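Please examine the fold presented below before reading further. The paragraphs that follow lead from the pairing of strands to the nonpolar core.

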Amino acid sequence: MRVMSRISGASRLFLLAATIVAGVGCGDTMTGPRATPTPAQPTPTPGAAHLVFVGRDTSGQPSNVFVDSVSGTSTSTIHVGDTIQWVWRSGTHSSTSGACSAGCVPNGLWDSGRLQSGTFQFTFTTAGTYPYFCTLHGPSMLGSVVVQ
Ligand SMILES: [Cu+2]
């Protein structure tokens with residue numbers, strides 16, 4: 001009886017080991033589907049944003065300017081619902097909404113913060129003229145968005 005009991009115990013151990021191996025095998029099988037590349041996040045529609053370059057003039061020289069990619073000036077003309085995307089190209093600048101008539105005062109509509117690279121975007125949902133400036137260069141670095 002004792003011997004039988006031991007064998008029985010060993011059998012149970014074997015079954016346990018077999019179950020673990022089977023489990024590992026199952027895990028290996030499950031990594032198969034995971035290896036399939038998952039689709040990346042949907043990419044934004046190209047060309048949807050209206051670009052304004054920050055920190056280089058039209059000849060590409062570093063300068064404290066906003067240059068609209070279409071007008072070539074600091075004024076961007078767009079339609080209601082359009083998005084402006086500022087693209088940093090040189091220096092440290094911000095795109096901050098607000099006027100500089102009596103000191104540059106942010107109006108809280110948008111503020112990229114001071115950046116040296118990368119992009120910032122804002123979508124204009126209401127017609128009007130929106131002045132903006134760079135918080136570092138103040139009245140010497142202005143831009144305007146005209147939303148029609
Ligand atoms: Cu600046």
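Two strands are said to pair if DSSP finds at least two bridges between them. With this in mind, one may look at Thr96, which stands opposite Asp111 in strand E6. The two strands concerned are E5, residues 96–99, and E6; three bridges join them, and they run antiparallel. The model discussed here is a predicted one.

The overall plan can now be set out. The protein chain contains one helix and nine strands. Read from the N terminus, the helix comes before the strands, in the order α-β-β-β-β-β-β-β-β-β. Of the 148 residues, 18% count as buried. Among contacts between residues at least 6 apart in sequence, 60% join residues at least 24 apart.

The pairing of E5 with E6 belongs to a wider arrangement. Five strands form an open sheet in the order E3-E9-E8-E5-E6, and the pairing within this sheet is mixed. Why is one side of strand E3 and of strand E6 left without a neighbour in the sheet? Strand E3 (75–78) and strand E6 (105–111) stand at the edges and each has a single partner strand, so one side of each has no neighbour there. On average, neighbouring strands of this sheet are turned by 35 degrees against each other, direction ignored.

Strand E1 has pairings of its own. E1 and E2 pair in the antiparallel sense over four bridges, and Phe53 stands opposite Val67 in E2. These two strands form a hairpin with five residues between them. Gly60, in the turn, has a positive phi of about 95 degrees. E1 is also joined to E4, by six bridges, and here the strands run parallel. Within this pairing, Trp86 in E4 is the bridge partner of Val52.

The final subject is the core. In soluble globular proteins, nonpolar side chains tend to be buried together. The largest nonpolar core in this model has 18 residues, of which Val52, Val54, Phe66, Ile84, Trp86 and Met141 touch the most other members. The elements that give two or more residues to this core are strands E1 (49–56), E2 (62–68), E4 (83–88), E8 (128–134) and E9 (138–147). Which strand gives the most to this core? It is E8, with four residues. Met141 shows how distant parts of the sequence meet: leaving aside residues up to four places away in sequence, Met141 touches Asn64, Val65, Phe66, His93, Phe133 and Cys134.

Note on methods
Residues are numbered from 1 along each chain as its sequence is written. This is a predicted model: local features need pLDDT of at least 70, side-chain atom pairs count only at pLDDT 80 or more; totals for chains, interfaces and linings use all residues. A residue is buried if 20 or more other C-beta atoms lie within 10 Å of its own, exposed if 12 or fewer, and partly exposed in between; C-beta atoms are placed from the backbone. Two residues are in contact if their C-beta atoms, placed from the backbone, lie within 7 Å. A nonpolar core is a set of buried Ala, Val, Leu, Ile, Met, Phe, Trp, Tyr and Cys residues joined through C-beta atoms within 7 Å. Axes are lines fitted to C-alpha atoms, for helices over the stretch in contact, and angles run from 0 to 180 degrees between N-to-C directions.
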